[in-house]
Every structure is written in C-alpha cells, then in structure tokens.
Amino acid sequence: MRLLRILLIVLGAIISLPVLLFSYLYVTEPVVAARFVEMFTAKEGDYSALTPRSAAVGDRPYVFSRAKDGEFTITRDALSKMQDYADAHNSFSLIVIHRGVIQAEWYATGWDAARPAQSQSMHKSVLPLLIQAAIERGAIESVNDSIGGYIPEWQNDSRGDITIEDLLVMSSGLYAPPFSINPYSDDFLVLFGTDITPVLLRTTMDGVAGEAWEYNNSASELLGLILERATAMPYAQFLEEVLWGPMGGLRAEVWLDAENGKGHSNCCLITTARDWAVFGLMLLNHGARDGQQIVSADFVRQMTSPAATSPWYGYQIWTADPGGENPWLSLTKGYQRTEPFLRDDTYFASGYGAQRVYVVPSEDLVIVRMGPSRGPSPVRPEWDNAYLVNTAIRHIVP
C-alpha cells in the first residue's frame with residue numbers, strides 16, 4: 001500500500017510538472033507561452049503566432065506575361081499532370097514560368113494569387129542578396145570578413161573568426177541543435193523567444209569553421225543580425241529598399257521577435273507565390289529586372305554554385321547535386337527524389353513542407369510550389385523533389 005502511495009505521488013508529480021512549468025512560463029513570458037500554444041493549435045494559413053511583423057512593400061509591381069492558346073512552350077498535358085501532382089500533394093499553389101511567360105498558375109480551394117503563405121526556410125535564400133547589397137553599399141566589406149567585426153561579443157574567441165561566407169554556406173562550425181518543443185531550450189527560444197539575440201550569442205562551437213557542412217538555422221539568424229548591425233537599419237526596411245521593392249515584389253512580411261525587435265531571417269517570410277515567382281525570375285535573369293541590375297550577376301552565379309564544403313548547397317540555396325550525395329535526400333522529408341534533376345544547373349530555394357522556388361537557367365524555367373508548413377509531416381512522404389522540374393523539362397515544345 002505504501003509503495004502504491006509513493007507511485008501515485010510520483011505519477012502526480014510527473015503529470016503536474018509540465019502544467020506548473022507552463023504556468024510559470026505564462027506568467028514570466030506570456031508571449032512565448034502564446035506562441036508555444038499557437039504552434040500546435042493554429043490552422044494552416046493563420047499566422048497569428050508570427051507577430052509582430054514588419055512589411056517590405058514594393059511600389060513597382062512586376063507585370064507577368066501569360067501564355068494563350070497556341071503559345072504554350074510546355075505541353076498542356078504536362079502542365080495538367082503537374083497541376084494534378086500539386087493538388088494530390090496538398091499544395092496551395094503552383095506557378096510554372098518558361099521563357100518569361102506563365103504557362104500555368106493554379107491555386108487550391110480557398111487560395112488565390114493575393115493570399116500570402118508562410119515560406120519557412122525559403123526565406124534563407126533572400127539573405128545572400130541582402131549581404132551582397134550591403135557589400136555594394138559599403139556597409140560590409142566582403143563575404144570573407146570575420147564576423148567578430150560585426151559581433152563584438154565574439155571578438156575574443158574562435159566564434160569571431162568565422163567568416164560571413166562560412167555562415168552563408170552552412171559551414172560555420174557552430175552547434176546546430178535539433179528543433180525542440182521544450183519552451184525553455186535555446187533552440188526553441190531562438191525561434192519563439194521575445195529577444196533572440198542573447199540566445200544566438202550563447203551558441204557554442206561544435207566544430208571547425210569552414211571544414212564541414214551542417215544545416216544550421218542559427219547561422220541564418222546570425223546573418224540577419226549582422227545585416228541589421230552593419231546597415232543600422234531594420235531588416236524589413238533594408239529588404240524593401242534593396243531587393244523587394246526594386247525586383248517588383250508586392251508585399252512581404254518579416255516576423256519580429258518583439259515590437260521594434262530583430263527581424264527573423266531564418267524562416268517565415270510571409271508573401272504570395274507570385275512574389276516568390278518574381279524572386280525566381282530575378283535570380284534567373286542574373287540579378288536583374290527589366291534590364292535593371294538589382295544585385296551583381298557575378299554574385300548570383302557565386303551564390304547558386306555548389307560550395308567547397310558540399311555539392312548540394314551554395315549561399316543559403318540548394319543545388320542540383322547530380323551525384324546524389326546530399327544526406328538530406330534520405331533523412332529529411334521533402335528532399336527525396338526518384339531520379340536526379342535532368343539539368344545539373346538546377347537550384348532551388350527550399351522550406352519545410354516542400355515550399356519551393358526551382359530555377360533552371362539552361363531551360364529558362366522557374367517553378368513555384370507552396371503548401372502546408374505546419375505539423376510533423378506537412379508534405380506527403382511520396383513527394384518527389386524532382387518531379388515538377390523534370391516533367392516540365394521533358395515536355396518543352398521543340
């Protein structure tokens with residue numbers, strides 16, 4: 001009887017401890033507590049957890065050309081199959097652009113061209129262009145700069161010797177923790193906290209900078225911190241001024257950790273599939289829009305080329321990896337493929353849940369696919385990362 005009583009007391013403590021911890025979190029950090037709850041309860045398309053936000057708004061919208069009957073350069077049958085594939089894999093949107101002309105634009109029920117979606121880590125691929133813009137303005141000297149010059153808190157230890165390029169190619173040597181739902185852990189707080197900078201600055205070394213590739217969300221957040229410090233501008237304002245406005249994006253919303261706080265640069269840019277299509281076209285056109293150079297063409301080539309530390313990654317963007325060496329092909333849902341990309345120059349911005357902007361320069365092709373971004377498995381397990389690209393390429397009209 002005594003043993004049973006002890007067991008019941010222990011069981012009660014185990015059950016009540018999470019409640020007590022969450023109650024304490026709610027009292028001390030009500031915003032973090034609310035974000036924690038909304039992470040599990042918010043419906044897809046509800047971005048109330050991603051507040052506050054700051055907008056980057058363009059004033060020169062990109063005007064798309066659209067194929068008419070007799071003008072399609074990808075067969076209608078192939079476009080129909082691509083749309084069916086997108087629909088079968090719970091997509092919100094699919095846009096296919098070939099030779100600068102929209103071949104197909106499809107939206108699921110409840111979605112349309114004006115409805116924004118959550119991009120997850122596709123946001124990372126915006127960062128290199130902002131870094132280059134800061135270089136061209138003289139706010140940053142070079143991607144070879146040691147980050148200790150921008151993060152004085154790290155000047156006197158090995159973390160300060162990491163270069164901006166090491167961060168860009170995910171080879172910083174910094175510890176990359178797996179995502180945790182423990183609201184007291186640093187890996188949770190770096191995303192959901194109300195002041196993420198001190199959390200970022202607690203990141204420790206776990207390797208040697210420049211030696212090995214390891215996907216690391218904190219590296220992207222550090223790049224955003226460097227941008228804000230180097231330019232002395234809020235992230236969203238700099239994004240609007242040097243990229244989103246000039247390229248013709250309509251509106252992108254940057255999630256902030258707090259009012260007037262740091263802009264998240266690792267994920268969660270909220271914008272439309274069409275704006276991502278404009279982004280893809282700008283990359284395809286070597287950093288230009290309508291003949292106006294927004295960012296250096298040489299930099300775009302450098303950004304979209306495989307890094308020395310991996311054949312599958314450039315500057316915060318994924319490359320074709322024809323050898324299939326990328327460990328994420330088998331370890332991470334949404335990256336598997338049944339065959340290599342048909343063109344080795346394919347590269348793509350990528351976010352959790354198979355958010356994608358595929359660009360194939362040799363075929364003058366851009367494909368945008370967006371879909372669910374929440375939950376343990378928002379993309380169906382049979383998703384083939386090469387299907388949309390290869391189907392389009394195989395059915396280009398001669």
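Okay, let's start with one residue: Arg-159 sits at 14% relative accessibility, and that makes it buried, because the cut-off for buried is under 20%. Keep in mind that this is a predicted model. So what does Arg-159 pair with through its side chain? The partner is Asp-157, in a salt bridge with an N to O distance of 3.0 Å. Asp-157 comes out at 27% relative accessibility, so we call that one partly exposed. A buried arginine, then, with a partly exposed aspartate as its partner.

Let me zoom out for a moment. The protein chain has 13 helices and 13 strands. Its radius of gyration is 22 Å, close to the 21 Å that the globule rule gives for 398 residues, so the chain is as compact as a globular protein of that length. If you look along the principal axes, the C-alpha trace spans about 85 × 50 × 40 Å. Of those 398 residues, 55% count as buried. On contacts: take the ones with a separation of 6 or more, and 69% of them are between residues 24 or more positions apart. As for the outside, the chain exposes about 17100 Å², and carbon and sulfur atoms supply 55% of that.

Now charges. We've got 30 positive and 45 negative side chains, and the centres of the two sets lie 7 Å apart. How many salt bridges are there? The count comes to 17.

Let me walk you through some of the others. Glu-241 and Arg-137 meet through their side chains, 2.7 Å from N to O. Where do the two partners sit? Glu-241 is in helix α9, residues 235–247, while Arg-137 is in the loop between α4 (127–136) and α5 (164–168), so this pair ties together parts that are 104 residues apart in sequence. How accessible are they? Glu-241 is partly exposed at 38%, and Arg-137 is partly exposed too, at 47% relative accessibility.

Then there's Arg-76 with Asp-69, another salt bridge, at 3.3 Å from N to O. Is Asp-69 buried or exposed? Exposed, with 65% relative accessibility. And if you go to Arg-53, you'll find a network: Arg-53, Arg-251 and Glu-253 are linked by salt bridges.

Right next door in sequence, have a look at the backbone. The peptide bond from Thr-51 to Pro-52 is cis, with omega near 0°. Pro-52 belongs to the loop between α2 (30–41) and β1 (53–57).

Last bit: backbone angles. Which residue has a phi near 70° without being a glycine? That's Cys-268. You'll find Cys-268 in the loop between β6 (251–255) and β7 (270–271), and at 4% relative accessibility it counts as buried.

Asp-321 is another one to look at: it isn't a glycine, but its phi is positive, about 50°. Its place is in the loop between β10 (318–319) and α12 (328–331). Buried or exposed, then? Buried, with a relative accessible area of 3%.

So, to pull the loops together: Pro-52 follows a cis peptide bond, and Cys-268 and Asp-321 each carry a positive phi. And we began with Arg-159, buried and in a salt bridge with Asp-157. That's what I wanted to show you on this predicted model.

Methods. Residues numbered from 1 in each chain as written. Predicted model: local features only at pLDDT ≥ 70, side-chain atom pairs only at ≥ 80, totals over all residues. Heavy atoms only, no water. Helix = DSSP H or I, 4+ residues; strand = E, 2+ residues; numbered from the N terminus. Rg over C-alpha atoms; globule rule 2.2 N^0.38 Å. Buried < 20%, exposed > 50% of the residue type's maximum accessible area, 1.4 Å probe, protein only. Contact = heavy atoms within 4.5 Å. Areas by Shrake-Rupley, 256 points an atom, 1.4 Å probe, with all protein chains shown as cover. Lys, Arg positive; Asp, Glu negative; His and termini not counted. Charge placed at Lys NZ, Arg CZ, Asp CG, Glu CD. Salt bridge = Lys/Arg side-chain N within 4 Å of Asp/Glu carboxyl O.
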